[in-house]
Amino acid sequence: MEKKSPEPPEEASQSRDSSRDNQTWITAQNILREKLITEDCFAWKLQAGSKEEEALRYVGGVDISFSKDDPSRACGTLVVLDFHTLQVLYQDFSLVTLQVPYVPGFLAFREAPVLLQLLEKMKRSNNPFYPQLLMVDGNGILHPRGFGLACHIGVEANLPTIGIGKNLHHVDGLTHSRVRELLGAEENCSEDFINLVGCSGHIWGVAMRSTQGSIKPIFISIGHKISLQTAIMIVQMTCKYRVPEPIRQADIRSRDYIRKLEANAKVK
DNA sequence: GCGACAG
DNA sequence: ATCTTGTCGC
């Protein structure tokens with residue numbers, strides 16, 4: 001179960017060409033991607049049909065916040081919400097010092113280890129609230145090689161995942177201007193979403209304005225073991241504000257946790 | 001060659 | 001990601 005991540009690109013790469021180093025990570029992503037499942041693959045149902053059917057109840061959310069003082073100090077957070085009441089049933093934090101830098105397209109190598117550890121800890125202890133579905137702060141297949149953080153975590157944890165991006169990662173000709181042009185042309189006055197169709201014709205996900213007032217959309221893409229259609233439905237059902245609750249709660253509590261921790265450190 | 005680039 | 005105040009509105 002305990003797999004070791006590939007080594008990060010050369011440390012002192014200030015003066016070195018890093019494209020060669022990234023090849024290690026690219027290879028790792030390509031190998032993991034072979035296990036990716038892009039359709040619904042779970043036992044539960046969105047709505048409780050009969051008494052014998054398993055219903056979706058526990059929806060997880062993960063996020064990482066950083067110290068304002070020391071950028072390498074981070075707090076990984078996992079929360080689990082009740083799908084229908086959207087109340088937080090579980091939360092856990094993990095303080096770490098990240099050695100791997102953030103490189104666009106390779107976010108998983110920096111953030112996935114901490115988040116996977118939080119999931120593993122919950123599973124080992126047989127916690128009854130272990131998520132049936134996980135929402136990730138970052139993209140799924142909306143990624144240069146079709147394998148973003150949400151896919152990475154989904155495959156390694158063998159869990160259905162949905163990627164939620166708050167900013168667009170430019171892929172296959174999809175640009176900021178292209179999106180708002182599509183969003184505006186849709187003549188939609190209400191909350192709605194548009195397919196993110198790239199130059200190649202491939203659909204990478206959807207841009208969705210979850211709140212009536214928000215002009216800035218969120219970007220939904222599938223992670224693992226779920227279809228885009230189902231992902232969209234679940235995101236809509238968990239959106240009280242712009243960002244779906246599982247992600248929003250993980251975000252808020254994570255930032256809260258690391259801030260209070262540093263406040264206590266100052267008193268000392 | 002230059003710019004763009006999830007968190 | 002993080003640094004940051006007030007302000008407009010339900």
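Two strands count as paired when DSSP finds at least two bridges between them. With that in hand, here are some close-up views of a predicted model.

**View 1. Chain A as a whole: six helices and eight strands.**
Let us start with the overall layout. Read from the N terminus, the elements of chain A follow the order α-β-β-β-α-β-α-β-α-β-β-β-α-α. Chain A has 268 residues, and 38% of them are buried. Among contacts with a separation of 6 or more, 61% join residues that are 24 or more positions apart. The average pLDDT of chain A is 89, and 89% of the residues score at least 70. One stretch deserves some caution: over residues 8-17 the pLDDT stays under 50, and the model has nine contacts beyond four places in sequence for this stretch. Where pLDDT is low, the predicted coordinates should not be read in detail.

**View 2. Strand 6 and strand 7 form a hairpin.**
Here strand 6 (residues 193-197) runs antiparallel to strand 7, and four bridges join the two. Which residue stands opposite V197 in strand 7? Look for I203. Five residues lie between the two strands, and G201 in the turn has a positive phi of about 95°. On to the next neighbour: strand 7 also pairs with strand 8 in the antiparallel sense, this time over three bridges. In that pairing, V206 has I220 of strand 8 as its bridge partner. Strand 7 (residues 203-208) has five of its six residues buried, so the rest of the structure largely encloses it.

**View 3. Strand 5 is joined to strand 4 in parallel.**
Four bridges link these two strands, and one of the partnerships to find is that of L134 with T161 in strand 5. Why is strand 5 described as largely enclosed by the rest of the structure? Five of its five residues are buried, so little of strand 5 is left uncovered. In a regular strand the side chains alternate between the two faces of the sheet. In strand 5, T161, G163 and G165 point one way, while I162 and I164 point the other way, and all are buried.

**View 4. Helix 3 is largely enclosed by the rest of the structure.**
Helix 3 covers residues 149-157, and nine of its nine residues are buried. To follow the helix along, pick out L149, A150, C151, H152, I153, G154, V155, E156 and A157. What covers these buried residues? The cover includes helix 1 (22-33), helix 2, strand 4 (133-137), strand 5 (161-165) and strand 8 (218-224). Just after helix 3 comes N158, with a positive phi of about 50°. L159 sits in the loop between helix 3 and strand 5. Buried or exposed? L159 counts as buried, because it has 22 C-beta neighbours inside 10 Å and the threshold for a buried residue is 20 or more. Leaving aside neighbours within four places in sequence, L159 is in contact with P131, L134 and G154.

**View 5. The largest nonpolar core has 61 residues.**
The residues with the most contacts inside this core are L115, V136, I153, I162, I164, I220 and A231. Helix 2 (residues 108-124) gives the most to the core, with eight residues. For a closer look, centre on V136: beyond its neighbours within four places in sequence, V136 is in contact with V62, L149, A150, I153, T161, I162, G163, I164 and G223.

**View 6. E245 lies in helix 6 (residues 245-267).**
E245 is buried, with 22 other C-beta atoms within 10 Å. Not counting residues up to four places away in sequence, E245 touches L81, L86, T238 and K240. G60 is 185 residues from E245 in sequence, yet 9.6 Å separates the two in space, C-alpha to C-alpha.

**View 7. Two DNA strands and the residues around them.**
DNA strand B has 19 residues around it, and those that come nearest are Y102, L107, G148, N167 and H169. The surface near DNA strand B comprises seven nonpolar, 10 polar and two charged residues. Turning to DNA strand C, the residues to find around it are S65, F66, K68, K166 and R255. How do the residues of the surface near DNA strand C divide by class? One is nonpolar, one is polar and three are charged.

How values were computed:
Residues are numbered from 1 along each chain as its sequence is written. Chains are lettered from A and ligands numbered from 1 in the order in which they are written. This is a predicted model: local features need pLDDT of at least 70, side-chain atom pairs count only at pLDDT 80 or more; totals for chains, interfaces and linings use all residues. A residue is near a molecule or strand if its C-beta atom, placed from the backbone, lies within 6 Å of it. Ala, Val, Leu, Ile, Met, Phe, Trp, Tyr, Cys and Pro count as nonpolar, Asp, Glu, Lys and Arg as charged, and the others, Gly among them, as polar. pLDDT is the predictor's confidence in each residue, from 0 to 100. Two residues are in contact if their C-beta atoms, placed from the backbone, lie within 7 Å. A nonpolar core is a set of buried Ala, Val, Leu, Ile, Met, Phe, Trp, Tyr and Cys residues joined through C-beta atoms within 7 Å. A residue is buried if 20 or more other C-beta atoms lie within 10 Å of its own, exposed if 12 or fewer, and partly exposed in between; C-beta atoms are placed from the backbone.
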